[in-house]
Amino acid sequence: MLEAFYCKAGIDCIADDLVTRIKRAPRIADIFKGQDELRLRRLLKQQFCYMLNGGCAYSGCTMKVAHKNLGLQTADVGALVEDRQAAMRKERVAFFTQNHSLAKFAPMKREAVER
Ligand code: HEM
């Protein structure tokens, strides 16, 4: 189905949409329960904008510190990447830009995954 959705701040929408998707994602929703959702939304917006060369600065923790003791596995990253792709598709991010941004996020997997 075609998702008709207009948003001026496309990057913010991608981050918001991602958090909404995470919350209903059966594979990873539990990991986010009890976390500070407002902070997560704010920092994901900053990080997305920074990674997509939108001219923002990221003010959150390093990926190693942020994900310490969450016991994340490779499969969790896979689930998150799928949600991230879906959120970008919804905002009609060009395919090469999607790939470019995912490639930039890829090295962070090493810092976030503990097991
Ligand atoms: C590898 C790519 C990932 C990136 C780029 C990323 C990005 C971020 C960012 C920017 C924050 C906020 C940091 C802060 O609070 O200062 C964060 C926190 C968090 N992330 Fe990730 N993340 C990744 C993978 C994952 C995965 C796979 C999961 C779980 C399925 C996850 C779960 C969480 C949770 C629960 C928090 C909140 C931690 C807290 O507030 O203590 N992340 N992430």
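**Notes on the helical model and its iron site**

1. Let me start with isoleucine 14: once its neighbours within four places in sequence are set aside, its contacts are Phe48, Ala87, Met88, Glu91 and Val93. Keep in mind throughout that this is a predicted model. Ile14 also turns up among the residues with the most contacts inside the largest nonpolar core, alongside Leu18, Ile28, Leu44, Phe48 and Met88. So two of the contacts of Ile14, namely Phe48 and Met88, are on that list as well.

2. That core has 16 residues. Which elements give two or more residues to it? They are helix 1 (10-23), helix 3 (37-51), helix 5 (74-90) and helix 6 (95-105). Helix 1 gives the most, with five residues. As background, nonpolar side chains tend to be buried together in soluble globular proteins.

3. Helix 1 is worth a look by itself. Its buried residues are Gly10, Cys13, Ile14, Ala15, Asp17, Leu18, Val19, Arg21 and Ile22. The cover over them includes helix 2 (29-32), helix 3 and helix 5. As for its length, 14 residues at 1.5 Å a residue should span 20 Å, and the end C-alpha atoms are indeed 20 Å apart, so the two agree.

4. You may want to pause at aspartate 17, which sits in helix 1. Is Asp17 buried or exposed? It counts as buried because its relative accessibility is 12%, and the cut-off for buried is under 20%. Beyond the neighbours within four places in sequence, Asp17 is in contact with Ala87 and Lys90.

5. Helix 6 has a clear sidedness. Gln98, Ser101, Leu102 and Phe105 are its buried residues. Looking down the helix axis, these fall within an arc of 100°, so they line one face of helix 6. On the other side, Phe96 and Ala103 are exposed. The buried residues of helix 6 are covered by elements that include helix 3, helix 5 and helix 7 (109-112).

6. Now the iron. How many donors does the protein offer to the iron atom of the ligand? There is a single one, NE2 of His67, at 2.0 Å. His67 belongs to the loop between helix 4 (63-66) and helix 5.

7. The loop between helix 4 and helix 5 also holds asparagine 69, whose phi is near 65°, a positive value in a residue other than glycine. Asn69 counts as exposed because its relative accessibility is 65%.

8. Arginine 92 makes a good companion point. Its phi is near 60°, again positive in a residue other than glycine, and Arg92 lies in the loop between helix 5 and helix 6. With a relative accessible area of 53%, Arg92 is exposed; the cut-off for exposed is over 50%.

9. On to the cysteines. The structure holds one disulfide, formed by cysteine 49 and cysteine 56, with sulfur atoms 1.9 Å apart. The link is right-handed, with 70° about the S-S bond. Its two ends sit in unlike surroundings: Cys49 counts as buried because its relative accessibility is 7%, whereas Cys56 counts as partly exposed because its value is 32%.

10. Why is cysteine 61 left out of the pairing? The nearest cysteine sulfur, that of Cys56, is 18 Å away, and a disulfide needs sulfur atoms within 2.5 Å, so Cys61 is in no disulfide. Cys61 is partly exposed, with a relative accessible area of 30%.

11. Last, alanine 25, found in the loop between helix 1 and helix 2. Ala25 counts as buried because its relative accessibility is 11%. If you want a long-range distance to check in the viewer, Ala25 and glutamate 114 are 89 residues apart in sequence and 21 Å apart in space, C-alpha to C-alpha.

Conventions:
Residues numbered from 1 in each chain as written. Predicted model: local features only at pLDDT ≥ 70, side-chain atom pairs only at ≥ 80, totals over all residues. Heavy atoms only, no water. Core = buried A, V, L, I, M, F, W, Y, C linked by side-chain atoms within 4.5 Å. Buried < 20%, exposed > 50% of the residue type's maximum accessible area, 1.4 Å probe, protein only. Helix = DSSP H or I, 4+ residues; strand = E, 2+ residues; numbered from the N terminus. Contact = heavy atoms within 4.5 Å. Donors = N, O, S within 2.8 Å, 3.2 Å for Na, K, Ca; no water. Expected span 1.5 Å × (residues − 1). Arc of directions from axis to C-beta.
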